[in-house]
Amino acid sequence: MNQNKGFYITTPIYYVNDIPHIGHAYTTIAADILARYMRLKGRKVFFLTGTDEHGQKVERAALQKGKTPKEHADIMVENFKTLWKGLNISNDAFIRTTDEEHKRIVQEILQRLYDKGEIVKRKYSGMYCTPCERFWTEKDLVEGKCPDCGRDVEFIEEENYFFLMSKYQDALIEHIEKNPSYILPETRKNEVLGFLKNRTLGDLCISRPKHRLEWGIILPFDENYTTYVWFDALVNYYSALKYLAPEDVEWWPPDHHLIGKDILTTHAVYWSTMLMALELPLPRNIFAHGWWTVKGKKMSKSLGNVVNPSEVIKKYGVDAFRYFLFREVSFGLDGDFSEEALIRRINNDLANDFGNLLNRFLVMNEKYMKGAVKINSIIPRSEATRNLYSDNEFLSSFKSLIEEINNETLWDEFKFNIILEKIWQAISLTNNYIAKTEPWKVLKEEPERLPLILFNIWNAIRIITVFLYPFMPETANKIWYALGLRDYIIDYKMLKLELDIKEAKTEKIEQLFPKIEIKTEEQMKVEKGEEAKVEDLISIEDFMKIKLKVGKVLQAERVKGSKKLIKLIVDIGEERQIVAGIGEQYSPEELTGRSIVVLANLKPAKLMGVESQGMLLAATGEDGKISILTIDREVNAGAGIK
Ligand code: MSP
């Protein structure tokens, strides 16, 4: 291998149409774990993540919020950056597809492919799914609807630019077959091969007429068209190296493109053939992980079951979350998230197995050795007669576990749950060593052996901590300090059993993983104030008394002398004047033209002397900010709401 070849790992770049959820966190933490492990091993690492900001989804989300796409993206990007900080993500760079440099490189690549005859203009007709921004053939459709999202498609005929992807079909099959770890896990590889072998690969439409998609990169050879969002997005893996990566290291080709299973085709087929056309070496590996469901159901906004990682880490701590995600399921398969399962892992693995080991050791070492650790302790042969338990047996089992855990293939193939299982075997082995040697008895019976036993335990915890570092960096650092290793960095040299250091002094530490009381679902609901007592329930007749209507805001202005109040003239089939306390979050300008939800049969009341003939519906977030309910498709003013 080229000595100067750095380790290059990427995550997908995330759409900025929504706030980050557990799925985004999952891919990014996985990349972080491997990046940290490779740095630990002394490799130069470039770990890239970022945001995908062009395309209709983002354009539409911005429009709904009354913002330009760039304004909207600037706000949404911060959500990702903040979450990555909270999750201790050690990315080396953050790319945005709205970066000027990226846009220039996309154009350069388009021009290069166009000049080479790899991109041509063609008349095209097909069934187009607007939400997915994709053309489908009649055959692809499922009962006449988009096979991806199940929504209506429309027939569109227009001229467009095509990347001649079809001609690379055989070369791609050959590449995948010759490089068994190009696509992992194996089931995903077989899926892609099956797809490629059983159908004729078409060419890829890489442009959108500008009138249909304005929020995108203009084709350098035809200003009437913008670039298909996936073509623009995939190039990020290449463009980032041109302006965000250290130049003195060779990064290409990437070692891993980490993605979710839903975006496998775009990577394994579109990206691979784009690289072939550009005559660039293909990445070493594309790894597609599974999806998280919540209590067996797909996460969706409408079900209200989307797991927000910020909330989970606020409640349970970042490292418990990181640990859970990779211990609970094999990376590659689907997994099911529930707070109960997370709590079980915290209580059993972190508090019981590991937390107890650490606490017992620190307490004993403080009590028996006043915190001192005599590193590389040995006992004279003659004295080593009454071994209650063979230290050597422990050490040799521990050593072979170190080798197993440090097996680079396990890491390189993202076998994270196996690695964690093995780390926990090392933890049990050490717990057993304490149980069998019974240091409290050794203290009385052969005190000269005690420094050795405590050193062995210290050493075992130290190595376990090095291995845990990629998964739980914050916890590992705390333990490192408690072990008295403040002056040393955690790196691969620290994986050896023998150390150059002579002595260390252990320090007290707060309990890292306190046990959490397991609550039943009912108890949790009561806690969240979600419980519905029977006497609180209302009948459908009660509900029908409430007249909710779609209202179109015709005019809006501030109520004089009030920061909060805005007076709205709303069309709900008839004109109504409504006064609402939303002036701190909304300006009159951004309200005009919106379709909102109005409680139409509310008794009129006066607010600061101005009459309000109804009420608009809004939610108040935890931060006290108000968010009004809007209608996300065109519906006539005055339409009833049930
Ligand atoms: N912008 C594209 C990627 C372009 S890469 C050149 C995109 N963005 S995304 O924001 O929709 O999400 C991307 C990642 O989130 C994918 O890896 C996807 O698999 C992952 N997840 C989305 N929901 C998920 C779960 N419920 N569970 C696990 N991961 C899931 O696609």
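**Entry 1: two tyrosines**

I count a residue as buried when its relative accessible area is under 20%. The model I am reading is predicted, and I keep that in mind for every value below. I looked up Tyr-161 first. Its relative accessible area is 4%, so Tyr-161 is buried. I then checked Tyr-225, which is buried because its relative accessible area is 9%.

I next asked how the rings of these two residues are placed. A pair of aromatic rings is described by the distance of the centres and the angle of the planes. I found 37 aromatic pairs in the model. Tyr-161 and Tyr-225 form one of them, with 5.2 Å centre to centre and 90° between the planes, and this pair is edge-to-face. I noted that the pair links distant parts of the chain, since Tyr-161 is in strand β6 (residues 154-163) and Tyr-225 is in strand β11 (residues 222-227), 64 residues apart.

**Entry 2: other rings**

I went on to Tyr-238 and Trp-252. Their rings form an edge-to-face pair, with 5.7 Å between the centres and 80° between the planes. Tyr-238 lies in helix α8 (residues 236-243) and Trp-252 in the loop between α8 and β12 (256-260), so this pair ties together parts that are 14 residues apart in sequence. I checked burial here too: Tyr-238 and Trp-252 are both buried.

I also traced a cluster of residues joined by ring pairs. Among its members are Tyr-26, Tyr-37, Phe-287, Trp-292, Trp-411 and Phe-471.

I then looked for charges placed over rings. The charged end of Lys-81 sits over the ring of Phe-94, at 4.9 Å from the ring centre. The charged end of Arg-212 sits over the ring of Tyr-128, at 4.5 Å from the centre.

**Entry 3: the ligand**

Which residues are closest to the ligand? I listed 24 residues around the ligand, and the closest are Ile-13, Asp-52, Gly-260, Asp-262 and Trp-292. Trp-292 was already in my notes as a member of the ring cluster.

I looked up three polar contacts. In His-24, a polar side-chain atom lies 3.1 Å from an oxygen atom of the ligand. For Gly-260, a polar backbone atom is 2.9 Å from a ligand oxygen atom. For Asp-262, an N or O atom of the side chain is 2.5 Å from an oxygen atom of the ligand. I then noted the cover: on its own the ligand has 670 Å² of accessible area, and the protein covers 94% of that.

Which element gives the most to the shell around the ligand? I found that β1 does, with four residues. The elements that each supply at least two residues of the shell are β1 (7-15), α1 (22-40), α7 (229-234), α8 and β12. Sorted by class, the shell holds 13 nonpolar, nine polar and two charged residues.

**Entry 4: the backbone**

Most residues other than glycine have a negative phi, and most peptide bonds are trans. I searched for exceptions.

I found a cis peptide bond from Leu-184 to Pro-185, with omega near -10°. Pro-185 is placed in the loop between β7 (183-184) and α6 (186-198). I found another cis peptide bond from Trp-252 to Pro-253, with omega near 0°. Pro-253 is in the loop between α8 and β12, and Trp-252 is the residue I met in the ring pair with Tyr-238.

For phi, I noted Glu-143, which is not glycine but has a positive value near 50°. Glu-143 lies in the loop between β5 (134-136) and β6. Is Glu-143 buried or exposed? Its relative accessibility is 78%, so Glu-143 counts as exposed.

Glu-438 has a positive phi as well, near 45°. I placed Glu-438 in the loop between α15 (416-437) and α16. Glu-438 counts as partly exposed because its relative accessibility is 23%.

**Entry 5: Lys-441**

My last look-up was Lys-441, which is in helix α16 (residues 439-445). Lys-441 counts as partly exposed because its relative accessibility is 37%. I also compared its place with that of Lys-295. The two residues are 146 residues apart in sequence, and their C-alpha atoms are 48 Å apart in space.

How values were computed:
Residues are numbered from 1 along each chain as its sequence is written. This is a predicted model: local features need pLDDT of at least 70, side-chain atom pairs count only at pLDDT 80 or more; totals for chains, interfaces and linings use all residues. Side-chain values use heavy atoms; hydrogens and water are left out. Buried means under 20% relative accessible area, exposed over 50%, partly exposed in between (1.4 Å probe, protein chains only). Rings of Phe, Tyr and Trp (its six-membered ring) pair if their centres lie within 6.5 Å; planes under 30 degrees apart count as stacked, over 60 as edge-to-face and the rest as tilted. A charge sits over a ring if NZ of Lys or CZ of Arg is within 6 Å of the ring centre and within 35 degrees of the ring normal. A residue is near a molecule or strand if one of its heavy atoms lies within 4 Å of it. A polar contact is a pair of N or O atoms within 3.5 Å; within protein, one must be able to donate a hydrogen and the other to accept it, and residues adjacent in sequence count only if both atoms are side-chain atoms. Accessible areas come from the Shrake-Rupley method with a 1.4 Å probe; for residues, only the protein chains shown count as cover. Ala, Val, Leu, Ile, Met, Phe, Trp, Tyr, Cys and Pro count as nonpolar, Asp, Glu, Lys and Arg as charged, and the others, Gly among them, as polar.
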